[in-house]
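Good morning, colleagues. Today I shall present one structure, beginning with its interior and then turning to its domains. Please take a moment to look at the display.

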Amino acid sequence: MVCTVQPYLPGQTPPGLRSYRSKDLEEKRGDGRGERKPSDRIYDYATYNDLGDPDSDAAKARPVLGGSAQFPYPRRCRTGRPMSAKDPSTETRSGDNYVPRDEAFSEVKNLQFSVTTLRSVLHAAVPAVQSTLIDPNLAFPSFFVIDKLFEDGVELPKADQLGFLRSVVPRLLQLLRDGPGDQVLLFDRPANVQKDKFAWLRDEEFARETLAGMNPYAIELVREFPLKSKLDPAVYGQAESAITAEVLERQMGRVMTVAEAVSQKRLFMLDYHDLFLPYVHRIRAQAHTTMYGSRTIFFLCNDGTLRLLAIELTRPASPTQPQWRRVFTSSTDTTESWLWRMAKSHVRAHDSGHHELISHWLRTHCAVEPYIIAANRQLSEMHPVYQLLHPHFRYTMRINALARSALINAGGIIELSFSPQRYAIELSSVAYDKLWRFDTEALPADLVRRGMAVEDPAAEHGLRLTIPDYPFANDGLLVWDAIKGWVTAYVARFYPDASTLAGDAELQAFWTDVRTVGHGDKKDAPGWPALDSPDSLAHALTTIIWVASAHHAAVNFGQYDFAGYFPNRPSIARTNMPVEEPVDATALAAFLDNPDQALRECFPSQVQATLVMAVLDLLSTHSPDEEYLGGMETAPWNDDATVQDAYGKFNARLKEIEGIMDERNKDRRLKNRCGAGILPYQLMKPFSQPGVTGMGIPNSTSI
Ligand SMILES: CC/C=C\C[C@@H](/C=C/C=C\CCCCCCCC(=O)O)OO
Ligand SMILES: [Fe+2]
């Protein structure tokens, strides 16, 4: 935390600095008016009213997220651009989204981002160009061609060959004109296919990745049976799931009854039913995509691994169609086995959407931005809490501004390549409304919420994991405790008792801003702690630092390793199951004749797959100027011996933790992270070199 001023609580400010302290805060708050300039250092709030672009195309009108009961959402940095002539609730978009000047990328980061973007997106551009000359919805003609993406280089396209990509990556055009000429571009082989090319086909890898993959925040304990929807059955059809005890007991090999399995905490689920079901028909009304509500059930085997038991796909009732649903399982019948493979691809597309829109964008990038704005508006740069948090905010506002410019905007990369298309970001508002609360963003509370742990003061970390070999949780809790230890010591240094806290006007104003403005749509939700004791302050600050650093790292830096080979994590499923009623006889016949082709037609198109691969490559890359959690590049600079000592202990503990993780990855008893062809779980290892390394916890949500 390279801060330029000595830390002072408000009441301790030297007299000569008092006017500076208040004046600087006033300047950083601004007056809430006018369009921001790049040289400004004003931190203010706005709703996500700039994702649509109705002035350029009526079809690009999008709802404002934030500020309404219909679409609650965290706030973003205010830019102050003119409102749209066609839709006064929408702010017009410009090439670059404003961020306060202190939030800009460094030269090194800018160059890395641009060059990586150029290299990555051009990897996409070439196959895209080749297929856009024919059809942007073209499926891959064979798995051989998919593999060739990683084997043969492709020539650089000319700027005028980028076709429709021109509107998706406008900045890239400039780079392309100035960029290198006639180079051969090659996608690096993603780590998981380097070790096991057929991992994506195996049920046990599908199950393992829910515990040690790039979206370890989704799996939850089955706590009641039969499984029931909370949606209105009059609208959406029968609430009780079609997954029966008979199906599960058969797939469990009849080693126990479902009732026994539930009581012994042996059944787990990916529950993508109630979140997606209300959107199924709206999503299906768009071209070249589809959606189901889904439930996926796993059984915890005696060796600590998960067995994939069954998948239920549901199309809700509509004015013209009855509810349709079916349960799929693995089978020795070839047709059923291919249907099982297709059902898994649908669930993987659901998980891809849940990962990018909720685990990644909503719960880290989007939820952190209000903390940054509130800290800069209410905490002086002299404030010790500002100085503690500052390293954990680095680059987040800028990367979020870039996401709004090209990724999550109307017609952006997410809408182009993920199943929900125009409803994608809206779904993250639904999740914010139904699921997000501050207290369960803390790792221990999140694990308890999902039934993946129970509190146990006698257990390591104070928690007993429901699945003992849960690599994300095992390693994440080591990191969580290390952060908690550092923050608790830091808070004790400045707040010896509760009264010091209550009297800190800047700190209370910060927290009030966070709850009532930055996350104002959830201001009355449960889960907001009062910062009324050193413990509650330490826990709240640990939660913010955990989310910005380790939670983000867990869901960000494995994206290319696990989803770079897109059959393992397709971003979209484009065709319905061939047995969905009313059965399309032609589609069913085509499936029976050539299921390989049918699966590839369900997969992302060539353009979608290569675009997503390129972006995941970009987002999984550590910059050369990255600053890592507990690293000495952000050690406290001042001569406060207590703080220096606490930080030194933090740094040492993180290095020790690295060694523990390395040992765990060699332990053959831990079958969810160690075994033939298995990618060792390294996403919680604190430090990394630059590049796509599959490890490393930056201090902040910096990419
Ligand atoms: C759903 C989004 C999830 C997380 C956000 C992501 C941040 C991405 C930020 C920018 C990506 C931009 C890629 C394309 C750049 C090309 C733009 C142009 O050429 O104009 O977290 O990692
Ligand atoms: Fe990210």
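Which residues does phenylalanine 510 touch, not counting residues up to four places away in sequence? In this predicted model, the list is Tyr371, Ala374, Ala375, Gln378, Leu379, Leu389 and Ile544.

Phe510 also belongs to the largest nonpolar core, which has 179 residues. Together with Leu447, Trp546 and Met684, Phe510 touches the most other members of that core. Helix H12, spanning residues 334-378, supplies the largest share of this core, namely 19 residues. Apart from it there is a second, separate core of 17 residues, with Val222, Leu248, Val258 and Phe299 among them. As general background, nonpolar side chains in soluble globular proteins tend to be buried together.

Let me now turn to the domains. The assignment divides the protein chain into domain 1 (10-92 + 360-563 + 630-692), domain 2 (107-193) and domain 3 (206-355 + 574-604).

I shall concentrate on the interface of domain 1 and domain 2. Here 12 residues of domain 1 are in contact with 11 residues of domain 2. About 1,000 Å² is buried between these two domains, and carbon and sulfur atoms give 67% of that area. How many salt bridges does the rule find across this interface? The count is zero. Polar contact, by comparison, is found for two residue pairs between domain 1 and domain 2, both at pLDDT 80 or more.

On the side of domain 1 that touches domain 2, the elements giving two or more residues are helix H14 (396-407), helix H15 (413-417) and helix H22 (559-563). H14 gives the most to that side, with four residues.

Key: Residues are numbered from 1 along each chain as its sequence is written. Chains are lettered from A and ligands numbered from 1 in the order in which they are written. This is a predicted model: local features need pLDDT of at least 70, side-chain atom pairs count only at pLDDT 80 or more; totals for chains, interfaces and linings use all residues. Side-chain values use heavy atoms; hydrogens and water are left out. A nonpolar core is a set of buried Ala, Val, Leu, Ile, Met, Phe, Trp, Tyr and Cys residues joined through side-chain atoms within 4.5 Å. Buried means under 20% relative accessible area, exposed over 50%, partly exposed in between (1.4 Å probe, protein chains only). Contact means heavy atoms within 4.5 Å. Domain bounds come from an automatic or database domain assignment. Buried area is the accessible area (1.4 Å probe) that two parts lose on being put together, summed over both. A salt bridge is a side-chain nitrogen of Lys or Arg within 4 Å of a carboxyl oxygen of Asp or Glu. A polar contact is a pair of N or O atoms within 3.5 Å; within protein, one must be able to donate a hydrogen and the other to accept it, and residues adjacent in sequence count only if both atoms are side-chain atoms.
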